[in-house]
Amino acid sequence: MAHIVVLGAGLGGTIVAYELREKLGREHSVTVINKGSVYSFVPSNPWVAVGWRTEEDVQVDLAPVFAKRNITLRPEGAAKLHAAENRVELTDGSMVDYDYLVIATGPELAFDEIEGFGPGTGFSQSVCETGHAGEAKSAFDALVENPGPVVIGAVQGASCFGPAYEFAFILDKALRDARVRDRVPMTFVTPEPYIGHLGLDGVGDTKGLMESELRARHIKWITNARVDHMTEESVVAEEIGEDGAVKERHELPATFKMMLPAFRGVSAIRGIEGLTNPRGFVIIDKHQQNPTFQNIFAIGVCVAIAPTGKTAVPVGVPKTGFMIESMATATVGNIARLIAGEKPNVQATWNAVCLADFGDGGVAFVAQPQIPPRNVNWASEGRWVHAAKVGFEKYFLRKVRTGVSEPFYEKLALQALKIDKLKAVTFD
């Protein structure tokens with residue numbers, strides 16, 4: 001009997017645990033280590049930040065679901081991975097041994113890399129975690145009560161740009177609904193070389209679509225931006241030229257700020273030679289497997305992916321939802337093969353299917369694969385995207401609550417759209 005441990009119960013960790021249980025059957029044991037027992041649907045966080053959802057609306061208690069699925073939950077959280085010993089040390093000092101490990105921790109948020117940045121001790125809000133979004137709701141209420149200038153965007157090294165655009169447009173809609181938008185100048189600040197780059201060198205005409213939306217909503221923008229520091233009343237950012245020199249220095253008034261941070265690997269795995277890169281992201285091969293510790297796999301935001309190209313300001317690559325689900329399915333297939341005494345041969349497609357909600361519309365895009373060059377490179381906008389995002393939220397939360405990773409009708413829909421999670425099997 002094999003014991004498979006999953007580090008993290010976010011989107012990737014929860015789905016991989018369900019798929020492991022379904023694929024391997026009950027003769028093998030599955031344990032999930034997570035800080036707490038609550039799953040949060042992170043894509044809904046921008047809605048939480050303006051009061052369109054409560055924190056409880058987008059959360060699921062995993063304890064009863066895991067118990068029903070015969071998945072052990074360790075809510076103490078991981079303190080340190082001892083990869084050479086095949087064990088995980090928990091925050092209470094106890095140890096969990098494993099035969100195979102799937103790292104799905106998500107990232108650590110590097111707010112501390114910029115002075116005055118972040119919720120709590122800094123001067124900005126965040127939608128990266130549902131708790132942060134709940135705190136941002138209070139700041140949003142204060143903004144409505146006392147309108148002033150706003151800065152939204154991402155800082156240097158960030159890799160997840162979609163939520164920044166979403167929140168800018170959702171905030172615009174919420175302020176219009178509150179009849180105070182006319183007293184709130186908005187600026188979008190990003191390290192991207194152009195609007196709509198998204199860390200992916202664009203998808204379809206995301207450049208044109210995003211620029212058009214910003215213009216229509218009277219949101220100014222600054223690209224190639226490197227944030228120097230924040231104060232209670234401003235964001236100080238340098239606009240960098242292609243030669244790396246400072247082109248212009250901006251001191252932007254901002255009574256409300258929401259900027260996405262750069263990510264790094266979590267402390268429990270960071271600094272393990274052969275496992276992670278200098279930034280703490282897990283090194284994997286095409287089978288999601290770490291080359292040094294071959295019983296360790298990784299999926300999601302915690303994996304190391306090289307940027308799509310050189311940019312004046314560092315820009316990372318996002319790991320989107322469907323891409324992460326494809327990593328999960330490939331990982332489960334490869335662990336099953338190892339248990340059966342065979343070599344891994346399953347590869348994820350890393351295809352991306354995204355719905356970016358703008359409050360009263362949105363942009364949808366399909367990138368196959370997510371990293372260019374692509375076989376499919378498509379983006380479209382319309383009011384239907386908002387409705388689709390609402391429907392997807394309800395559908396995905398139901399999947400988590402019922403413990404099913406991919407119902408049959410989802411498989412049929414993906415087949416009809418010719419969107420695959422896995423590449424054709426190879427035997428090298």
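Start at Glu108, which is partly exposed, with a relative accessible area of 21%. The model on screen is a predicted one.

**Stop 1: Glu108 and Arg264**

With Glu108 selected, add Arg264: their side chains meet in a salt bridge, 2.6 Å from N to O. Glu108 belongs to strand E10 (residues 108–109) and Arg264 to strand E18 (residues 263–264), so this contact ties together parts that are 156 residues apart in sequence. Arg264 is buried, its relative accessible area being 14%. Glu108, at 21%, is partly exposed.

Now widen the selection to Asp112, Glu113, Arg270 and Arg279. Together with Glu108 and Arg264, these residues are linked in a network of salt bridges. Across the whole structure, a search finds 25 salt bridges. In general, side chains of opposite charge can pair when their charged atoms come close.

**Stop 2: the sheet E6-E7-E8**

Next, select strands E6, E7 and E8. They form an open sheet in that order, with antiparallel pairing. Strand E6 (78–82) and strand E8 stand at the edges with a single partner strand each, so one side of each has no neighbour in the sheet. Direction ignored, neighbouring strands here are turned by 20° against each other on average.

Keep E7 and E8 in view. Three bridges join these two antiparallel strands. Val88 is the residue to pick for a reference point, as it stands opposite Val96 in E8.

The E7 and E8 strands also hold a charged pair. Show the side chains of Asp97 and Arg87, which meet in a salt bridge at 3.2 Å, N to O. Asp97 is in strand E8 (residues 95–97) and Arg87 in strand E7 (residues 87–90), ten residues apart. Are these two residues buried, partly exposed or exposed? Asp97 counts as partly exposed, at 44% relative accessibility. Arg87 is partly exposed as well, with a relative accessible area of 27%.

**Stop 3: a salt bridge within helix H5**

Move to helix H5 (residues 162–177) and select Asp172 and Arg176, which both lie in this helix, four residues apart, about one turn. Their side chains meet in a salt bridge of 3.0 Å, N to O. The two partners fall in separate accessibility classes: Asp172 counts as buried at 2% relative accessibility, whereas Arg176, at 32%, counts as partly exposed.

**Stop 4: helix H1**

Go back towards the start of the chain and select residues 11–24, which make up helix H1. This helix has 14 residues and reaches 20 Å from its first C-alpha to its last, close to the 20 Å expected at 1.5 Å a residue.

How much of H1 is covered? Eleven of its 14 residues are buried, and the helix is thus described as mostly covered. The buried residues include Gly12, Gly13, Thr14, Ile15 and Val16 in the early part of the listing, and Glu19, Arg21 and Leu24 further along. Just after H1, pick Gly25, whose phi is positive, at about 80°.

**Stop 5: the hairpin E20-E21**

Finish with strand E20 (residues 352–357) and strand E21 (residues 362–368), which run antiparallel and are joined by six bridges. Which residue in E21 stands opposite Asp357? That residue is Gly362.

E20 and E21 form a hairpin with four residues between them. Select Gly359 in the turn, where phi is positive, at about 90°.

Notes: Residues are numbered from 1 along each chain as its sequence is written. This is a predicted model: local features need pLDDT of at least 70, side-chain atom pairs count only at pLDDT 80 or more; totals for chains, interfaces and linings use all residues. Side-chain values use heavy atoms; hydrogens and water are left out. The expected span of a helix is 1.5 Å times one less than its number of residues. Buried means under 20% relative accessible area, exposed over 50%, partly exposed in between (1.4 Å probe, protein chains only). A salt bridge is a side-chain nitrogen of Lys or Arg within 4 Å of a carboxyl oxygen of Asp or Glu. Two strands pair if DSSP finds at least two bridges between them. Axes are lines fitted to C-alpha atoms, for helices over the stretch in contact, and angles run from 0 to 180 degrees between N-to-C directions.
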